Amino acid sequence: MDWSDDEFGFETRAIHAGQAPDPTTGAIITPLYLTSTYAHSTPGVHQGYDYTRSGNPTRSAFETCVANLEGARFGFAMASGSVGTATLVHLLSSGDHVVACDDMYGGSYRLFERVFKQQGIEFSYVDMADPNNLAKAMRKNTRLVWAETPSNPLLKVVDIARAAEVAHAAGALLAVDNTFMSPYFQRPIELGADLVMHSTTKYINGHSDLIGGVLITNDEALAERLKFLSNAIGGIQSTFDAYLCLRSLKTLAVRMKAHEANALAVARFLESHPKIAAVRFTGLPSHPQHELANRQMIGHGGMLTCNVAGDLAATRRFLQTVRVFALAESLGGVESLIEHPAIMTHASLPQTVREQLGIGDNLVRLSVGIEAEVDLIRDLDRALGAV
Ligand SMILES: Cc1ncc(COP(=O)(O)O)c(C=O)c1O
């Protein structure tokens with residue numbers, strides 16, 4: 001059955017797309033096909049699968065479902081978001097140029113600067129919150145625009161439709177890291193992007209028990225190339241992890257709604273607290289791009305950052321005192337996490353870059369989970385007493 005978005009809502013597609021009852025047993029849940037290889041009836045003749053690096057029915061079900069939720073046809077599940085990004089950059093060749101946003105996951109910056117730059121690919125980093133900066137950075141050899149929106153950790157918003165126009169006018173592709181929003185809140189391909197990458201480690205899996213990534217496109221030629229690259233490089237997701245991601249998609253919508261409601265309550269609480277100097281959350285009217293966020297996103301997710309009114313020592317006291325929030329890297333799980341980007345997730349950015357961006361000693365990032373709202377606010381209130 002074709003679970004088209006003209007006919008079925010997101011929640012329905014998340015539960016059914018790519019997941020017909022198993023033809024041999026009628027099992028409602030897609031089985032975990034733990035096999036590396038598949039029988040041929042005669043050399044070269046098989047039932048669509050020959051080796052699990054090239055394809056696996058459990059992984060295919062997840063890929064079909066997640067692509068459907070992004071409003072696209074092709075998905076490639078990878079072993080991590082990072083290998084997803086690396087596989088995508090392998091679409092390029094030495095001498096090609098990439099324009100990337102200046103604020104992004106530190107590991108993506110590290111991959112660009114310390115792996116792909118050595119292979120002869122050139123990178124420029126610009127503040128894409130202003131679309132003119134992107135247009136100015138385009139060169140004759142620009143083949144890819146890499147936008148992470150909202151960005152990690154400063155929650156800058158890139159106008160996806162505008163970025164697609166600029167990229168396409170120059171003959172480049174637009175790829176969007178959609179990890180923070182998940183397809184529930186933002187669908188870049190519908191806004192003109194060519195490629196979407198998710199770290200499924202985060203909201204898509206949502207239970208902090210695996211590392212994964214996915215690449216999605218609606219373009220047949222790009223999909224052919226990604227299929228080749230994912231098989232040739234071999235960074236595919238394990239079957240078991242694809243099974244867990246498929247299961248998690250079924251609750252993505254309910255989880256995202258709960259993340260957003262809690263994050264809004266936490267953002268409002270922090271904004272009114274005297275020990276907090278500033279709060280960034282795209283769902284607050286005080287966010288400088290609140291209107292753009294409302295236009296291109298259906299909601300605002302569970303990620304926010306704040307600046308503690310104090311120095312590093314005061315910020316450490318806050319982070320050490322929380323009890324419901326865990327002091328940990330990563331994001332997007334059902335449990336609330338809090339962290340210090342400069343020392344933790346963004347330590348791989350050079351200090352000068354961090355300072356230019358505003359990732360300083362008193363910046364704190366929160367991944368708001370789906371616990372009881374009152375418990376989260378009480379926990380933060382108590383910990384701010386230690387600042
Ligand atoms: C926005 C974003 N993109 C990509 C990644 C990399 O994903 P992974 O850790 O699954 O390799 C992360 C990880 O934190 C991230 O936050």
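**Exercise 1. Find which residues Leu-134 touches, leaving out residues up to four places away in sequence.**

Step 1. Start with the term: contact means heavy atoms within 4.5 Å.

Step 2. With residues up to four places away set aside, Leu-134 touches Val-99, Val-126, Met-128, Val-145, Ala-163 and Val-166.

Step 3. Before going on, a word on the model: it is predicted, so local features need pLDDT of at least 70 and side-chain atom pairs count only at pLDDT 80 or more, while totals for chains, interfaces and linings use all residues. Residues are numbered from 1 along each chain as its sequence is written, and side-chain values use heavy atoms, with hydrogens and water left out.

**Exercise 2. Place Leu-134 in the largest nonpolar core.**

Step 1. A nonpolar core is a set of buried Ala, Val, Leu, Ile, Met, Phe, Trp, Tyr and Cys residues joined through side-chain atoms within 4.5 Å. Buried means under 20% relative accessible area, exposed means over 50%, and partly exposed is in between (1.4 Å probe, protein chains only).

Step 2. The largest core has 50 residues, and Met-128, Leu-134, Trp-146 and Leu-174 touch the most other members.

Step 3. Helix α6 (residues 160–169) gives this core its largest share, 5 residues. Helices (H or I, at least four residues) and strands (E, at least two) are DSSP runs, numbered from the N terminus.

Step 4. Another core lies apart from this one; it has 38 residues, including Phe-8 and Met-297.

**Exercise 3. Look for unusual backbone in the loop between β4 (142–148) and α6.**

Step 1. Recall the usual pattern: most peptide bonds are trans, and most residues other than glycine have a negative phi.

Step 2. The bond from Thr-149 to Pro-150 is cis, with omega near -10°, and Pro-150 sits in this loop.

Step 3. Asn-152 and Pro-153 are also joined by a cis peptide bond, with omega about 10°. Pro-153 belongs to the loop between β4 and α6.

Step 4. Leu-155 is not a glycine, yet its phi is positive, about 55°. Leu-155 lies in the loop between β4 and α6 as well, and is buried at 3% relative accessible area.

**Exercise 4. Describe the setting of Glu-113 in helix α4 (residues 106–116).**

Step 1. Is Glu-113 buried or exposed? Its relative accessible area is 17%, so Glu-113 counts as buried.

Step 2. Beyond its neighbours within four places in sequence, Glu-113 is in contact with Gln-118, Phe-123 and Tyr-125.

Step 3. The side chains of Glu-113 and Tyr-125 make a polar contact at 2.8 Å. A polar contact is a pair of N or O atoms within 3.5 Å; within protein, one must be able to donate a hydrogen and the other to accept it, and residues adjacent in sequence count only if both atoms are side-chain atoms.

**Exercise 5. Work out what surrounds the ligand.**

Step 1. The shell has 15 residues, and the closest are Ser-82, Asp-177, Ser-199, Thr-201 and Lys-202. A residue is near a molecule if one of its heavy atoms lies within 4 Å of it.

Step 2. A polar side-chain atom of Ser-82 is 2.7 Å from a ligand oxygen atom. For Asp-177, a polar side-chain atom lies 2.6 Å from a nitrogen atom of the ligand.

Step 3. Finally, α3 (81–89) and β6 (195–199) each supply at least two residues of the shell.
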